[in-house]
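Here are some short exercises to work through with the structure open beside you. Try each task first, then follow the solution step by step.

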Protein chains: 2
Amino acid sequence: MSHTLGLRQAQKQKTRQALLDAALGLLEEQSLSSLGLREVTRAVGVAPTAFYRHFRSTADLGVELVEAALGSLHPMIDSTVAAAGDSEERIARAVDLIAHHVDAYPAHVRFIARERHGGVQPVREAIRRQLARFAEEVQAALAGHPESAGWSEEDLLMLAGLYVDQMLATANQFLEAMEGPADERDRVARSATQRLRLISLGRHHWKS
Amino acid sequence: MSHTLGLRQAQKQKTRQALLDAALGLLEEQSLSSLGLREVTRAVGVAPTAFYRHFRSTADLGVELVEAALGSLHPMIDSTVAAAGDSEERIARAVDLIAHHVDAYPAHVRFIARERHGGVQPVREAIRRQLARFAEEVQAALAGHPESAGWSEEDLLMLAGLYVDQMLATANQFLEAMEGPADERDRVARSATQRLRLISLGRHHWKS
DNA sequence: AATTCCAGCGAACAGTTGTTAACTGCATGG
DNA sequence: CCATGCAGTTAACAACTGTTCGCTGGAATT
């Protein structure tokens, strides 16, 4: 389906990706609302005006970063929430998956944490939409569980939101643990596991 | 104990507070890392250089804002977690308290949410310390409950952290609901109540 | 082979930033 | 009452910002 790009378009995508990567790097120690377009182009090694060939503004670039950071994460939902095994196995799998994701894409995780409540409205909105999608997907996956019998749609969405928030909180804790002692990582993993166990326990005793 | 300030010191505190207030206002639509000191002084109506009489930098000002936003909140912990009544009453009381706090100090709540993972390290650190204190205080208050019998210190701190995170998440949801339809507020209150009920349920069935 | 397209460049713009230095006027303490 | 302290001022600096305009060289199209 995807037509092979011409040399022209290929080069364009390359510098475009370079701009996105450079921005993500610069955003490790500042917020998007203070990121200048000259700063980004300087880091890549192109003229400031080249920026406009790809993005309308840094806010625009930020929205695209949201897609890059969260867009490719949706398939993971089903493969953990709707996975086989009892809840204890699913919890271990989820914590492990988060830990590895933070290791693999720390800058993405930091970006989402920073800009979720950050100073750039369109970016906040984009993140909010993605997270709402996550919650709906988790809700749908939870509905497939036998222990969800008797649950209202509303309560299922409540639980899904709790899981999504918990996922983000855990990812941030792993991120903070990265720049600390090595055993902090294990502490975070254990604490996150216990949190999920407690939530799971509450879930099994819900309205019974 | 507090000695009455001289006219001199009183005036200084006044412009100092004006700078803090102006900064808090400006931070409603941007992050601290993009807040300029000239911007703040301009909003107050003083010369840019006057800023240095009060703060070393905008990061410094940010740290003080953290104290202003969270420092005076500690007494609330005991009066809700360790309050009389069953868990259902405590939940209603907590949600109500959060809702009113967001109504009274929306800018403070937004600031904490924005800078908790923001681009200014000293401010992140200050918030992290305050939240850790909250968690310890909640832990101590929970320890007083009869249903905490048999709980390890570690698990109690885990539960306290979950409550603190939940408090912040709820506050942020109330904040977002403020700039939307009026019934959104009730939806948030209901969802937050259900979340706390589920956690409370898990707590009562913990290791039993 | 001739033409069009367009990603990236260079220069210039008006405006902004943080920080310095030396000052002024007034509240304070001796 | 006089000397000191110090909050706030004015002026100036080098550096930086986003955005404009016209250009250029090579890929893409005809």
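**Exercise 1. Decide whether A:Leu201 is buried, partly exposed or exposed.**

*Solution.* Keep in mind that this is a predicted model.
- Step 1: Use the cut-off, by which a residue is buried if 20 or more other C-beta atoms lie within 10 Å of its own.
- Step 2: A:Leu201 has 21 C-beta neighbours inside 10 Å, so A:Leu201 counts as buried.
- Step 3: Place the residue in its element: A:Leu201 sits in helix H9 of chain A.
- Step 4: Look at its partners. Leaving aside residues up to four places away in sequence, A:Leu201 touches B:Gly202, B:His205 and B:Trp206.
- Step 5: For a distance within the chain, pick A:Arg56, which is 145 residues away along the chain; its C-alpha atom is 48 Å from that of A:Leu201.

**Exercise 2. Now do the same for A:Ala140: is this residue buried, partly exposed or exposed?**

*Solution.*
- Step 1: Locate A:Ala140 in helix H7 (residues 121-143) of chain A.
- Step 2: Apply the limits: 20 or more neighbours would make a residue buried, 12 or fewer exposed, and anything in between partly exposed.
- Step 3: A:Ala140 has 16 other C-beta atoms within 10 Å, and therefore is partly exposed.
- Step 4: Check a distance in space. A:Ala82 is 58 residues from A:Ala140 along the chain, and their C-alpha atoms are 9.1 Å apart.

**Exercise 3. Describe the overall build of chain A, from its elements to its domains.**

*Solution.*
- Step 1: Count elements: chain A has nine helices and zero strands.
- Step 2: Gauge the extent. The C-alpha trace of chain A spans about 65 × 45 × 30 Å along its principal axes.
- Step 3: Of the 208 residues in chain A, 34% are buried.
- Step 4: Turn to contacts in chain A between residues at least 6 apart in sequence; 64% of these join residues at least 24 apart.
- Step 5: Split the chain into domain 1 (2-55) and domain 2 (67-205). Taken over C-alpha atoms, the centres of these two domains of chain A are separated by 30 Å.
- Step 6: Where the domains meet, domain 1 of chain A gives eight residues and domain 2 of chain A gives ten. The domain 1 side of this contact has four nonpolar, three polar and one charged residue.

**Exercise 4. Which residues come nearest to DNA strand D, and which to DNA strand C?**

*Solution.*
- Step 1: Start with the record. An unreviewed UniProt entry lists residues 36-55 of chain A as "DNA-binding region". In the model this span is 40% helix and 0% strand, with its end C-alpha atoms 13 Å apart.
- Step 2: The unreviewed entry in UniProt also lists residues 13-73 of chain A as "domain: HTH tetR-type". That span is 57% helix and 0% strand, and 22 Å lie between its end C-alpha atoms.
- Step 3: Around DNA strand D there are 18 residues, of which A:Gly6, A:Gly36, B:Thr15, B:Val46 and B:Ala47 come nearest. Helix H1 (7-26) and helix H2 (37-44) of chain A, along with helix H1 (7-26) of chain B, each supply at least two residues of this surface.
- Step 4: Around DNA strand C there are 18 residues, and those that come nearest are A:Thr15, A:Val46, A:Ala47, B:Gly6 and B:Gly36. Here H1 of chain A, plus H1 and helix H2 (37-44) of chain B, give two or more residues.
- Step 5: Sort by class. The surface near DNA strand D has six nonpolar, seven polar and five charged residues; the surface near DNA strand C has six nonpolar, seven polar and five charged residues.

**Exercise 5. Work out what relation links chain A to chain B, then describe their contact.**

*Solution.*
- Step 1: Two copies of a chain are related by a rotation about an axis and a shift along it.
- Step 2: A turn of 180 degrees with a shift of 0.0 Å along the axis lays chain A on chain B with an RMSD of 0.0 Å. This is the relation of a two-fold axis.
- Step 3: Find the axis in chain A: the C-alpha nearest to it belongs to A:Gly202, at 1.8 Å.
- Step 4: Both copies use the same surface, as 100% of the contact residues of chain A recur in chain B.
- Step 5: The contact takes 27 residues from chain A and 27 residues from chain B. On the side of chain A, helix H6 (106-116), helix H8 (153-178) and helix H9 (183-204) each give two or more residues. The largest share, eight residues, comes from H9(A).
- Step 6: By class, the side of chain A that touches chain B has nine nonpolar, twelve polar and six charged residues.

Technical notes:
Residues numbered from 1 in each chain as written. Chains lettered and ligands numbered in written order. Predicted model: local features only at pLDDT ≥ 70, side-chain atom pairs only at ≥ 80, totals over all residues. Contact = placed C-beta atoms within 7 Å. Helix = DSSP H or I, 4+ residues; strand = E, 2+ residues; numbered from the N terminus. Nonpolar A, V, L, I, M, F, W, Y, C, P; charged D, E, K, R; others polar. Domains from an automatic or database assignment. UniProt positions renumbered as here; feature names shortened; annotations may be inferred. Near = placed C-beta within 6 Å. Least-squares fit on C-alpha atoms with pLDDT ≥ 70 in both.
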